[in-house]
Amino acid sequence: MTTRVWQAVDDRRDAVTELTRALIGYPTINPPGEAYQACAEHLGDRLRASGFDVQYVRGDGQVGDSDRYPRTNVIARIEGKRPGPTVHFNGHTDVVPVGRGWSYPPFEGVVADGRIYGRGACDMKGGLASAVIAVESILAAAPDFAGALEISGTVDEESGGYAGVGYLARQGWFSRPRVDHVIIPEPLNPDRVCLGHRGVWWGQVETFGRIAHGSMPFLGDSAIRHMTAFLELVERELYPALEARRTDMPVVPEGAQSSTLNINSIHGGQGEIEPGGGFPSACVADSCRVILDRRYLIEEHEADVKQEIVDLLERLVAERPNFAYELSELFSVQPTMTDADAPVVRAVDAAVERVIGRPPRHVVSPGTYDQKHVYRFGQLEQCIAYGPGILDLAHQPDEWVAIDDLVNAAKVMAAAALTLTGSTG
Ligand SMILES: [Zn+2]
């Protein structure tokens, strides 16, 4: 049965190329969320013509949703001929802004040397097209499949996915009994299966001072100097501690197998030179803010991640005259890692080995993606990312995906779906 389906995939080499190109043609740039509706309808029309039930769900009232920029998600489902588990393929339709340095037009899907170039080719319209071709090949060559197949095209992954998979998962679209296994064809390289991601904790630290004339700073109290004291402690103590903390998660690249901290931004004082504007007034800064982007390991706990920041700040309160601060938490995501023995992992592993001739490497993503919502809101652990693109090309100029990889990924997804729905053997 699988061989027949793979033949059907091979027969659709041009179709997967054309679908990838068509999806790239919608400039679904996020922010602000351009062309979501049209892109969702393209997918919906296509899948309805293939026999799917198609529904559109708008992320009403979610961040970024408006009549000008509706957060339109599309979900398609088709039942098999006998009962069995449901396999869901989820891809995000949004892409990041184009940026500079392109030698190809970013929204035309130029084909050259066996590759398709364009914004989203790799991340992840190619993966979405592969999933569509995988299920269409099953419908054509194994119409008596068991269980059910679903495909969704969802919005806003690049900005957290709250109006996309997050919104849908909170409403039960990614939970049992509706869905049993989720495969997200993000570009993690064709020979790797991604089991999950590290955790995230974002916080803002604000230090306070007292405003005074800049010519007599001794009459005030500089919030920037207080912040400097905090950042010195971070530099001297926290960074070495984080680097020494290693995980058993197979995170790629290897540098991300430690805990990490990015000081996302820093703003202090009132002075700001507007483009073409005037000169800042002479004042001592009475406020300084930093935003911390902390990525943590499955061996760590979110409460401790926060507490070690608090401990540094409290030490300064005790040791440094007039040190005052406020810490606010902005955002957090738990780390997640699907068991390597889970059925969805084993099915995809076996399919990769059959298609490319060697078993895949299991990896974990340094940053989060929509799996977090499936895990947290959907309470579904049977979720992985596997897709055709090359991770390093994501978000870059001249992003591309190889047509051979699209075809191979479609074969892997089709074979895994047949196994997981109980259609084979
Ligand atoms: Zn992506």
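1. Start with two helices. Helix α2 (residues 13-24) and helix α10 (residues 403-420) have axes that come within 10 Å of each other, crossing at roughly 110°. Angles of 65 to 115 degrees count as roughly perpendicular, so α2 is roughly perpendicular to α10. Keep in mind that this is a predicted model.

2. Who does the touching here? On the α2 side, look for R13, V16, T17 and T20, and on the α10 side for I403, L406, V407 and A410. Sorted by class, this contact of α2 with α10 has five nonpolar residues, two polar ones and one charged one.

3. Now zoom out to the domains. The domain assignment splits the protein into domain 1 (2-197 + 335-420) and domain 2 (199-333). If you take the centres over C-alpha atoms, domain 1 and domain 2 sit 37 Å apart.

4. The two domains do meet: eight residues from domain 1 and 12 residues from domain 2 take part in the contact. On the domain 1 side, strand β14 (residues 361-365) supplies the largest share, with three residues. By class, that side of domain 1 has five nonpolar, two polar and one charged residues.

5. Next, have a look at strand β9 (residues 199-208), which pairs with strand β11 (residues 287-296) in the antiparallel sense over 10 bridges. β9 also runs antiparallel to strand β12 (residues 325-333), and eight bridges join those two.

6. Which residues pair up with V205? In β11, its bridge partner is V290, while in β12 V205 stands opposite L327. Try finding V205 in the structure and then looking for V290 and L327.

How values were computed. Residues are numbered from 1 along each chain as its sequence is written. This is a predicted model: local features need pLDDT of at least 70, side-chain atom pairs count only at pLDDT 80 or more; totals for chains, interfaces and linings use all residues. Domain bounds come from an automatic or database domain assignment. Two residues are in contact if their C-beta atoms, placed from the backbone, lie within 7 Å. Helices (H or I, at least four residues) and strands (E, at least two) are DSSP runs, numbered from the N terminus. Ala, Val, Leu, Ile, Met, Phe, Trp, Tyr, Cys and Pro count as nonpolar, Asp, Glu, Lys and Arg as charged, and the others, Gly among them, as polar. Two strands pair if DSSP finds at least two bridges between them. Axes are lines fitted to C-alpha atoms, for helices over the stretch in contact, and angles run from 0 to 180 degrees between N-to-C directions. Angles under 35 degrees count as roughly parallel, over 145 as roughly antiparallel, 65 to 115 as roughly perpendicular and the rest as oblique.
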